[in-house]
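Q: I should like to learn how to read a protein model that holds a ligand. Where should a reader begin?

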Amino acid sequence: MIANNGRLKIAIQKSGRLTEDSISLLRACGLEFEFQKQSLYSPCRNFDLDVLALRDDDIPEYVQDAVADLGIVGENIVREKRAQVEIVTKLGYGHCRLTISVPQRSTIRSVSQLNRKRIATTYPSTLKQFLRARRLKAEVIELSGSVELAPTLDVADAICDIVSTGTTSRVNGLRPLHVVLSSEAVLIANRQTLKKSAKKLLIERLAIRISGSLQARGKRYMMMNAPLTAVPRLKRIIPSLKSPTVVPLAEEGMVALHSVVAEDVFWDVMERLKKAGASDIIVVPIETIIT
Ligand code: AMP
C-alpha cells in the first residue's frame, strides 16, 4: 500500500534506459535521495517528495489512477497506454522513433502498400490508430518482444517497432518505411492532482526546477576581460541568451564580459574572442537557468 501522506510521489523507471537520466535530472534539481531499484520508495530528504521505482509500462496508468502524482516515462508508452494524464514537459533524453520497417528485399515502398499486409508490433494500440487514420486494412500481429525477427520467420510482412540508432534494424536486414511517432522522455502528471492546491504548489516548484535544469543543459557560462574599445567587436561574436553583461574593471579602459554560450560552439567562439582582443577567458558549467 502506498502512503497518501500529502507528499508528492514521482514514478520513474525502476531499471532500464531512462533510469539513469531520470535520477540525474532529479538530482540536478537539488533533490537529495538514495535510489535503490530493489525498494519501491526512495524518500527525498530536502523536498516533500518520494521517488517510486516502477516498471515503465505501468507508469502512465499509475499516474492516471493517482497511485503516483507525477511520472517520467517515454511518450511512446503514454500514447500506447492511451493514459488520461497531462504531459507537463518533454525532457530531452530517451529519444526514439516508433517506425514501420520492411525487409530490404520487400517490394513495399510506401505506406499505402501496407494494405492487407501483416505488421508485427509490441505497440498494437498506436499502430491500429495510425492504420485507422490512413484508412488502411492491415493485420496487426501483437508480439511481446523480438519483433525484428517476425519477417524472417514469415510471421509478418512489416514490423512497427522502436528505433533509436537504427543498428538493430540494419543487422536484421530491415529498411525504415515510415515514422509513426517520434518520442522522448516526458514528465506526466495526474490531472486531478494538478488542480489540487496543496500538491499543485509542490508540482509547480518542481516544474520550475526541472525547466531551469533543462535550460542549463548543454550551456556554459563564459567570462573574459577585454579593452572597452573591443566590446562592439566581441558582442558580434558572442551568441548570448540576451546580451552579454559588461562590467567595468578597476583598470581604466578595461571591462569584464559575462555570457551564456552553447557547449557545442564555445571552443570555436573562444578562439574567435581571443583573436578579437579578449583575455583571461574562463568557462564554467551552469547548474540551472531560471528565466
Ligand atoms: P527500455 O529500458 O528498453 O524498456 O526503454 C525505455 C524507454 O526508452 C522506451 O520506452 C523508449 O521511450 C526509450 N528508448 C530510447 N531508445 C530506445 C530503443 N532503442 N529501444 C527501446 N526503447 C528506447
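A: One begins with the division of the chain. In this predicted model, the chain is split into domain 1 (8–93 + 185–216), domain 2 (96–183) and domain 3 (219–285). The C-alpha centres of domain 1 and domain 3 are 38 Å apart.

Q: Which domains each supply at least three residues to the shell around the ligand?

A: At least three residues of the shell come from each of domain 1 (8–93 + 185–216) and domain 2 (96–183).

Q: How many residues surround the ligand, and which are the closest?

A: The ligand is surrounded by 13 residues, of which Gln13, Gly16, Arg17, Asn76 and Ser164 are the closest. By type, the shell comprises 4 nonpolar, 7 polar and 2 charged residues.

Q: How does one read the polar contacts of the ligand?

A: One looks for pairs of N or O atoms within 3.5 Å. Here, a polar backbone atom of Arg17 is 2.8 Å from an oxygen atom of the ligand. Asn76 places a polar side-chain atom 2.7 Å from a ligand oxygen atom, and a polar side-chain atom of Ser164 is 2.8 Å from a nitrogen atom of the ligand.

Q: What share of the ligand's accessible area does the protein cover?

A: On its own the ligand has 470 Å² of accessible area, and the protein covers 77% of that. The space that the ligand takes is the largest pocket.

How values were computed: Residues are numbered from 1 along each chain as its sequence is written. This is a predicted model: local features need pLDDT of at least 70, side-chain atom pairs count only at pLDDT 80 or more; totals for chains, interfaces and linings use all residues. Side-chain values use heavy atoms; hydrogens and water are left out. A residue is near a molecule or strand if one of its heavy atoms lies within 4 Å of it. A polar contact is a pair of N or O atoms within 3.5 Å; within protein, one must be able to donate a hydrogen and the other to accept it, and residues adjacent in sequence count only if both atoms are side-chain atoms. Accessible areas come from the Shrake-Rupley method with a 1.4 Å probe; for residues, only the protein chains shown count as cover. On a 1 Å grid over the protein atoms alone, a cavity is a set of points where a 1.4 Å probe fits but cannot get out, and a pocket is an open set with protein on both sides within 12 Å along at least five of seven lines; lining residues have an atom within 4 Å of a point. A molecule sits in a cavity or pocket if more than half of its atoms lie within 2 Å of its grid points. Ala, Val, Leu, Ile, Met, Phe, Trp, Tyr, Cys and Pro count as nonpolar, Asp, Glu, Lys and Arg as charged, and the others, Gly among them, as polar. Domain bounds come from an automatic or database domain assignment.
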